[in-house]
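Please open the structure in a viewer and keep the selection tool at hand. The tour proceeds stop by stop, and each stop states what to select and what is found there.

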Amino acid sequence: MGGSGRSEGKEGDGGEEEQGTQKQTNSKEEQEEKRAFTTRARDHGSNEDEADDDAVDDEDDDDEVDLDFSDLDITSVDFDFDDMEEHMGQNMENEVVKQALEQGIDLRVYARQVEKDLELLERESIQDYMKEAKRMAQLHQQVRVCDGILQNMERMLSTFQSDLGNIGGEIQSLQEESLGMSVKLKNRRTIQDRLSDFVSNMALSAELVDSICSPDPTITPQFEAAVGDLHRKLAFVSSQPETTVAVADVHADLTKLKSNAVAKIKDVFLGKIHSVRKPMSNLQNVQQALLKHSDCFDFLVKHSRLTAAAVKDEYVDTVSKIHFSYVKTYISRLMKLQFDQVPDKEDVLAADDSAGKRGGGLFSSRPVLKNRSTTFTLGNRGAVLQSLDAPILVPHAQDAKALKDTKFTYEQLFRSFQKALIDTGVREYLFSMEFFGLKEAKAADAFSAIMGKAIGCVLKHVECYLSSCYDGICVMLCIRINAHFRAKMHEQSITCIDSYLAAVDDLLLKCLHSIIALNTESVRHVDPEKFANVDTRPHFIVRRYAEYSGAILGLNEDCKIESIDNDMQQLSTEVEGFILRLAAEFPDRREQLIFLINNYDLLVSVLARRTSGESTEAHAAHDHLKARIHEFALIVLAPKFGGIINFVKKVEQAFAKDDSKCPVPEATIQKLIQSFAQTWKSAIDDIDRDVMLSFTNFKNGRLILQEALTQLVVYYEKFLALLKKPALRRAGGWPDLVDRHHLLVEVKKHKATF
């Protein structure tokens with residue numbers, strides 16, 4: 001087959017060389033060759049099947065594989081000769097053709113070589129197909145087997161689909177039945193729950209009856225639980241129609257149980273309330289016990305208001321008497337701890353402590369006040385403000401020796417009983433809200449009923465004590481203590497005690513106004529002539545006033561009570577008038593100024609130490625002191641440097657009118673210069689000694705000396721400036737004139753070192 005193909009190909013090629021390009025003859029030969037190749041392939045395939053696969057021969061004729069290669073054409077291509085020129089142009093552009101032409105290869109020879117290569121490839125391809133024929137037959141057989149299996153699966157799935165359709169209908173039917181049963185179950189459960197609640201709320205268990213009717217006189221946890229259960233049953237029965245048969249059946253039993261519970265709760269509560277009447281009983285413990293059973297009182301309020309009101313009234317009546325008795329006894333015992341000697345109406349700023357003038361002489365029945373200094377001085381009495389929340393004083397805890405050796409000021413006692421009363425009142429207010437279930441307004445009414453007697457007792461005591469109190473510092477401290485407790489109550493949002501604290505404030509302010517007015521009157525009417533041996537040192541009345549005003553004003557800085565500041569300003573005015581009247585008793589102006597400076601300096605130093613220094617009194621005293629120091633400085637300079645000072649004043653006045661003429665002769669000026677040059681150093685030393693001997697306060701003396709030397713420098717510089725005026729200028733200058741720098745150096749030697 002292959003040989004004939006090649007011979008036919010050679011003949012064809014020879015025909016092309018002899019006759020030229022005869023495309024139709026070549027085309028027919030190629031078609032015949034293709035049919036011959038197909039026949040040979042079919043025969044070759046049949047032989048291969050018979051020789052190699054016996055299993056295939058045993059199969060039916062329907063299973064044989066027929067391979068038809070009649071349509072296979074891998075060797076020829078039909079060309080359109082009409083498009084020859086176009087194909088030739090395209091072939092000329094082919095890289096292989098170009099390469100063959102460039103190498104000079106004959107295209108016909110090259111075409112024959114290509115044809116041989118194609119024939120070789122054809123043979124190899126046919127061999128490959130023949131080698132795979134067995135596998136392709138097996139594959140075909142497997143495909144047929146798979147088709148059979150898939151057909152069986154299709155039949156099974158069809159059956160299954162049919163079964164599922166039937167099951168779906170059954171499921172839908174079951175679902176509908178399930179929904180119906182669910183609705184029925186829900187309705188039955190709803191009815192069951194309602195019936196169960198109804199039965200449980202209507203039925204009276206044996207445990208409930210036994211707990212309510214138990215002979216135990218105390219309130220046990222079981223009884224409290226039974227009372228709660230009984231309350232729920234009563235509330236439920238009351239919400240049902242009265243015509244209900246079940247309500248009619250249990251109504252009598254519930255009423256009886258309610259009566260038993262109310263009676264037992266009432267007896268227990270009244271027993272606990274009456275127990276506080278016994279000596280050494282503890283009210284706080286009783287209150288804690290009552291609070292544990294507050295639910296039982298709620299039961300009384302909801303089911304027996306008259307009984308609840310009776311219990312509440314009994315508590316109010318009993319506890320109010322107990323608090324009144326306690327407060328009265330406590331204040332009585334506290335007052336035994338007060339200092340035996342207290343200020344009276346004669347202990348005022350202008351009181352004279354000299355012997356025989358205040359009843360403190362040999363034949364006087366009035367003892368000398370040991371603590372008189374604290375009447376006008378704060379001292380350590382302000383320490384009470386640092387321990388306002390400290391525990392209260394317990395008088396009966398003090399033994400006999402302590403009562404003898406330890407005494408307290410009234411403000412300490414006031415803090416103690418005030419704290420005791422307020423703590424007790426707050427405790428009762430909170431107890432009323434928690435136990436009786438009262439709101440703020442009702443709780444305030446209950447507080448007034450419980451604490452009214454005790455508060456009245458305290459107010460009566462405070463009013464009685466203040467009616468004979470003349471200790472202004474004590475009253476001011478009490479005002480501060482009261483203000484602290486008011487602020488504390490506001491922080492806790494407790495307003496029930498505001499009226500009491502306001503009443504105490506009114507009493508304290510009224511008393512303080514009267515005390516300050518009494519001291520003001522004493523200073524206003526004091527006669528300076530009765531102080532025969534007065535000297536230039538600070539007067540004792542001024543010293544008292546300085547400490548007194550420093551204490552009152554310092555304590556009032558936190559309270560900022562305007563009426564107190566006004567009263568102290570009136571007192572300050574009277575004291576200033578007294579100082580001026582007393583200074584007028586000195587015949588010499590220099591001594592008057594020393595007296596004024598010493599007293600004003602005392603006022604300034606004390607007020608600066610006791611207050612912030614921003615008060616009207618402190619500013620006024622400072623201004624007076626500054627003015628008196630300036631005047632005294634000029635008086636001190638006058639004996640030694642009066643000539644220069646008078647010269648400066650006289651010439652300045654003259655030059656103010658006409659500065660062309662000198663009002664002083666040159667000889668006088670020269671004499672002033674010479675005198676100053678000879679004595680100025682010794683004069684400064686003399687002024688230093690004089691000033692330091694005139695004032696008791698060394699620091700104040702140094703400041704006054706500094707002011708005097710400052711004035712000296714000022715006037716001397718003015719003196720030098722006047723000498724430079726045209727009217728006083730000399731051609732040769734002024735001989736013996738001391739340079740200002742020398743004066744400044746000497747002045748600095750006397751400068752204060754602190």
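**First stop: Glu746**

Select Glu746, which counts as buried because its relative accessibility is 10%, under the 20% limit that the term requires. Please note that the model is predicted. Glu746 belongs to helix 26, which covers residues 740–749. Which residues does Glu746 touch, not counting those up to four places away in sequence? They are Trp680, Lys681, Ile684 and Asp685.

**Second stop: the whole chain**

Now select the entire protein chain. Its 754 residues include a buried share of 36%. The chain contains 26 helices and zero strands. Of the contacts between residues at least 6 apart in sequence, 79% join residues at least 24 apart. The accessible surface amounts to about 44,900 Å², and carbon and sulfur atoms account for 52% of that surface.

**Third stop: the aromatic pairs**

Next, display the aromatic side chains. How many aromatic pairs does a search of the whole structure find? The search yields 21. Select Phe269 and Phe435 from among them: the ring centres are 5.5 Å apart and the planes stand at 65°, so this pair is edge-to-face. Phe269 lies in helix 10 (residues 245–275) and Phe435 in helix 16 (residues 410–435), so the pair ties together parts that are 166 residues apart in sequence.

Are these two residues buried or exposed? Phe269 counts as buried because its relative accessibility is 0%. Phe435 is buried as well, with a relative accessible area of 2%.

Then add Phe431 and Phe436 to the selection. The centres of these two rings are 5.9 Å apart and the planes meet at 85°, so this pair is also edge-to-face. Phe431 and Phe436 are both buried.

To see how these rings belong together, extend the selection to Phe297 and Tyr315. Ring pairs link Phe297 and Tyr315 with Phe269, Phe431, Phe435 and Phe436 into a cluster.

**Last stop: lysines over rings**

Finally, select Lys264 together with Phe223. The charged end of Lys264 sits over the ring of Phe223, at 4.4 Å from the ring centre. Then move to Lys718 and Tyr715. Here Lys718 lies over the face of Tyr715, and the distance to the ring centre is 5.3 Å.

Terms used: Residues are numbered from 1 along each chain as its sequence is written. This is a predicted model: local features need pLDDT of at least 70, side-chain atom pairs count only at pLDDT 80 or more; totals for chains, interfaces and linings use all residues. Side-chain values use heavy atoms; hydrogens and water are left out. Helices (H or I, at least four residues) and strands (E, at least two) are DSSP runs, numbered from the N terminus. Buried means under 20% relative accessible area, exposed over 50%, partly exposed in between (1.4 Å probe, protein chains only). Contact means heavy atoms within 4.5 Å. Accessible areas come from the Shrake-Rupley method with a 1.4 Å probe; for residues, only the protein chains shown count as cover. Rings of Phe, Tyr and Trp (its six-membered ring) pair if their centres lie within 6.5 Å; planes under 30 degrees apart count as stacked, over 60 as edge-to-face and the rest as tilted. A charge sits over a ring if NZ of Lys or CZ of Arg is within 6 Å of the ring centre and within 35 degrees of the ring normal.
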